[in-house]
Amino acid sequence: MVRRPTEAGYEAAPNIALVKYWGVRDEDLGLPYNSSLSVTLNHLRSRTWVQFDPTLTEDRFLLGRDEQTDGPLRSVVEFLDEVRALGRFETHAFVRSENNFQTASGLASSASGFAALAGAASLAAGLKLSPPALSRLARLGSGSACRSLFGGFVEWRAGTRADGRDCFARPLFPARHWPGLVDLVALVKDAPTKPIRSAVAMQRTVATSPLYAQRLREVPRRIRAMKRAIAVRDAPALFDRTMEECDSFRSVCESTEPTLDYLVPASRRVLAEVRAANEENGTSVAGYTHDAGAHIHVFTTTTHSARLRRRLGAVPGVEKVLVLSPGPGGRPLRRWGR
Ligand code: PMV
């Protein structure tokens, strides 16, 4: 039992996977079939404050100014239950969260949101979690959230244990490792808001895609190649591996029954524009990727980013191009923001 109100805040940024997590071997614990690798981004962030308050009779969740009910509230309550189980207390909480970008827009608000919630709730509960333990906790909210706690380039190792103790993310290289790397995010018009939860969609792929087993065999090699490219800052190699992996992810989605098609025509035009830019340059100057959404992340370097940004901005159906870079990991917030 928490006897006095205890509170804490935490902020975390979205990440974009260069090697995707897609499919779990244990749904309750969120244990993936394959390891994944991501970049945590700058500028975008979720901020979350949690107050455990013995006077509350149920958990409350405010997202921006809106009191949440149903699904969003349920997932926060379930997550708080994990925190309460770890801390062996039953006190309810008031949770307030805000994103400086549109929620559920396909910009991975669940990753930054659950990373921020894991940080704030564990601090407010007085749990002193190590980075791996905090990452394991965040994983229970949303798989990709376990990577958003760390800055720069991050690897989430799938692990082999049934209890998931070896299944957490760790930082590979900090954001400053590659100062010239840029992520141009082409935001497309009319991007559908998530029609189906990723947790459900990925299990449909596991059950029905004839390409899934082959993908799992290829991922370890791709992660090794990606890590080598990042270590020596080999931009063309990083871009080629990123596109190859994204194409593999898209094929397993499209070959799922019923099919999973996250892109809109404008997204496909952006992919084509990146391929054309690479052809024209005779080498890969950019690499595209996307997650379970219609917006396209285009990695490039500062040498090409201004020109490429203009070019992507002119693609019909592209509303806006954000200019992001690798960014810092999660951190506690000092002021209670209620
Ligand atoms: O973390 P979730 O459950 O929203 O799933 C994320 C799935 C992808 O974004 C498509 C891939 C990834 O590794 O982030």
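These questions and answers cover a predicted model of a protein with a ligand.

Local features need pLDDT of at least 70 and side-chain atom pairs pLDDT 80 or more, while totals for chains, interfaces and linings use all residues. Residues are numbered from 1 along each chain as its sequence is written, and side-chain values use heavy atoms, without hydrogens and water.

Trainee: How many residues surround the ligand?
Mentor: A residue counts if one of its heavy atoms lies within 4 Å of the ligand. The closest are Tyr-21, Ser-142, Ser-144, Arg-147 and Asp-291. The shell comes to 14 residues.

Trainee: Which residue has a side-chain N or O atom 2.5 Å from an oxygen atom of the ligand?
Mentor: Look for polar contacts, here pairs of N or O atoms within 3.5 Å. Tyr-21 puts a backbone N or O atom 2.8 Å from a ligand oxygen. Gly-143 also uses a backbone N or O atom, at 3.5 Å. The side-chain contact belongs to Ser-144.

Trainee: What share of the ligand's exposed area does the protein bury?
Mentor: Areas come from the Shrake-Rupley method with a 1.4 Å probe. Taken alone, the ligand exposes 380 Å². The protein buries 91%.

Trainee: Where does the ligand lie relative to domain 1 and domain 2?
Mentor: Domain bounds come from an automatic or database assignment. Domain 1 spans 7-174 and domain 2 spans 181-324. Both give residues to the shell, so the ligand lies between them.

Trainee: What percentage of the protein's residues count as buried?
Mentor: Buried means under 20% relative accessible area (1.4 Å probe, protein chains only). The count runs over 338 residues. The buried share is 55%.

Definitions and conventions:
A polar contact is a pair of N or O atoms within 3.5 Å; within protein, one must be able to donate a hydrogen and the other to accept it, and residues adjacent in sequence count only if both atoms are side-chain atoms. Buried means under 20% relative accessible area, exposed over 50%, partly exposed in between (1.4 Å probe, protein chains only).
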